[in-house]
Amino acid sequence: MPLSTPANRPCNGKHFDNPFPVPQRSAVPQPPAQRKARRLVPRLLSWYGKHARDLPWRRTRDPYAIWISEIMLQQTQVATVIPYWERWMRALPTVNHLARAKPERVLKLWEGLGYYSRARNLQAAAHQILKNHQGQFPNTPEAIRALPGIGRYTAGAISSIAFNLPEPIVDGNVIRILTRLFGRREDPKAKVLQNELWSLAETLVRSTEDCAALNQALMELGATVCHPRTPNCNDCPVKRSCAARREQVIHLIPAKTIRPQTEARLIQAYLITRPGHILMRQRPEGVHNAGFWELPNDETGPARKLPKRARPIATARHTITRYRIQLEAYRVPDNGEAGQWHPIDALASLPVAAAHRKLLNSIRLG
Ligand code: SF4
């Protein structure tokens with residue numbers, strides 16, 4: 001399995017179709033941090049060559065496949081993503097397939113991954129690729145970044161991994177590694193440190209011919225060795241250069257950012273059935289999880305008057321952004337609520353919001 005980019009696709013600006021020629025190293029002395037960064041590169045590459053996990057999206061250079069993996073991996077663990085990515089690539093193997101798929105099919109393939117705006121952005125981006133790039137995934141960082149749902153990190157990841165371009169990446173993993181290596185205790189969200197981290201990441205990726213491997217080495221080191229709480233420093237290829245380890249302040253770096261307080265919310269959902277059917281409603285545009293199906297409820301519809309002694313037949317808990325949601329299901333008679341009747345035995349193929357799926361799975365229907 002080729003883990004690094006073939007030598008015939010250099011990325012340090014010498015390649016004739018590289019749209020971003022890299023300035024050649026000048027005789028001007030580099031700041032110490034940049035010099036240190038350059039020295040880390042051979043160790044990172046050598047370690048990655050030996051220790052990279054065999055992940056399905058690492059067996060391809062198809063930018064579409066890499067894009068899908070990168071979007072799925074946002075906020076989601078690798079082990080969770082693998083079956084989703086494989087199912088997605090079987091169902092929608094190209095940009096064309098994604099652009100032409102029914103939105104409900106796309107949501108169904110995403111069901112359970114959460115943060116569903118990612119799935120909607122993927123399809124919007126596929127439409128844009130068809131319209132503006134004749135169905136070919138764009139191959140410049142600017143054009144990639146102009147697609148919906150793609151920020152600087154994702155554009156850098158796709159550019160470097162699929163096209164071996166010298167584009168830096170800075171995400172949570174890279175922030176952790178770089179702040180520890182360079183002993184930076186400031187808030188990593190602060191603009192000044194952010195700029196420095198991007199600059200260091202750029203120095204790293206521009207110091208090698210194998211940009212794809214270098215960026216993936218950073219991702220891999222953060223995911224498998226430099227863990228947030230208990231890093232395996234003994235297995236770290238750059239431990240001798242790690243300021244946080246030397247100064248025994250790993251637990252203080254990166255500095256914690258204060259999270260906003262979470263807010264509890266109680267939502268009542270209504271189980272309304274007819275023989276073999278259940279009333280479901282689609283979440284409206286403009287709300288979280290738009291397009292997904294759910295039980296009628298008092299979050300996106302009017303509240304039902306429940307008898308005083310009504311007890312929920314099922315409860316599901318779910319945390320999303322800053323809300324801790326408790327969703328309670330009450331069996332109620334059909335009062336002609338808005339919604340659509342769905343056969344109970346076809347519920348599994350309907351894209352259903354995660355908390356409602358949890359609730360439905362805990363209720364005996366039929
Ligand atoms: Fe992370 Fe430890 Fe390596 Fe430092 S030595 S980069 S803390 S794994």
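This note goes through the overall build, the spaces and a few chosen residues of a predicted model.

1. **Overall build.** The protein has 366 residues, and 49% of them count as buried. Its secondary structure comprises 13 helices and seven strands. The C-alpha trace spans about 80 × 50 × 35 Å along the principal axes. Among contacts with a separation of 6 or more, 70% join residues 24 or more positions apart.

2. **The cavity.** How many cavities of 30 Å³ or more does a search of the whole structure find? The search finds one. This cavity holds about 130 Å³ of space. Its lining has 14 residues, and Arg180, Cys226, Cys233, Cys236 and Cys242 are the closest to its centre.

3. **Make-up of the cavity lining.** Helix 9, residues 172–181, gives the most to this lining, with three residues. By class, the lining of the largest cavity has eleven nonpolar and three charged residues. No polar residue takes part in that lining.

4. **The ligand.** What takes up the space of the largest cavity? The ligand does. Around the ligand stand Arg180, Val225, Cys226, Pro231, Cys233, Cys236, Lys239, Cys242, Arg245 and Ile250. Seven residues of this shell are nonpolar and three are charged. None is polar. Cysteines to inspect in the shell include Cys226, Cys233, Cys236 and Cys242. These cysteines are also among the residues closest to the centre of the cavity.

5. **The largest pocket.** This pocket has a volume of about 1,900 Å³. Its lining counts 46 residues, with Asp171, Gly172, Asn173, Arg176 and Pro228 nearest the centre. Helix 2 (63–73), helix 8 (152–163), helix 9 and helix 11 each give two or more residues to that lining. The lining residues of the pocket divide into 19 nonpolar, 14 polar and 13 charged. Helix 9 is thus worth viewing from both spaces: it contributes to the lining of the largest pocket and gives the most to the lining of the largest cavity.

6. **Serine 241.** This residue lies in the loop between helix 11 (211–224) and helix 12 (243–246). Is serine 241 buried or exposed? Serine 241 is buried, because its relative accessible area is 12%, and the cut-off for burial is under 20%. Setting aside residues up to four places away in sequence, serine 241 touches Lys36, Leu40, Arg43, Leu181 and Arg246.

7. **Helix 13.** This helix covers residues 354–361, and its buried residues are Ala355, His356, Arg357, Leu359 and Leu360. Which elements do the buried residues of helix 13 pack against? They pack against helix 5 (103–110) and several strands. The strands are strand 1 (263–271), strand 3 (277–282), strand 4 (293–294), strand 5 (314–320) and strand 6 (323–331).

8. **Alanine 316.** Alanine 316 lies in strand 5. Its relative accessible area is 4%, so alanine 316 is buried. Beyond its neighbours within four places in sequence, alanine 316 is in contact with Ile325, Gln326, Leu327, Ala355, Lys358 and Leu359. Of these partners, Ala355 and Leu359 are among the buried residues of helix 13. The C-alpha atoms of alanine 316 and valine 95 are separated by 36 Å, and the two residues are 221 residues apart along the chain.

Methods:
Residues numbered from 1 in each chain as written. Predicted model: local features only at pLDDT ≥ 70, side-chain atom pairs only at ≥ 80, totals over all residues. Heavy atoms only, no water. 1 Å grid on protein atoms, 1.4 Å probe; cavity = no way out; pocket = protein on both sides within 12 Å on 5 of 7 lines; lining within 4 Å. Points joined across faces, edges and corners; volume = space filled by probe spheres on them. Helix = DSSP H or I, 4+ residues; strand = E, 2+ residues; numbered from the N terminus. Nonpolar A, V, L, I, M, F, W, Y, C, P; charged D, E, K, R; others polar. Near = heavy atom within 4 Å. Sits in = over half its atoms within 2 Å of the grid points. Buried < 20%, exposed > 50% of the residue type's maximum accessible area, 1.4 Å probe, protein only. Contact = heavy atoms within 4.5 Å.
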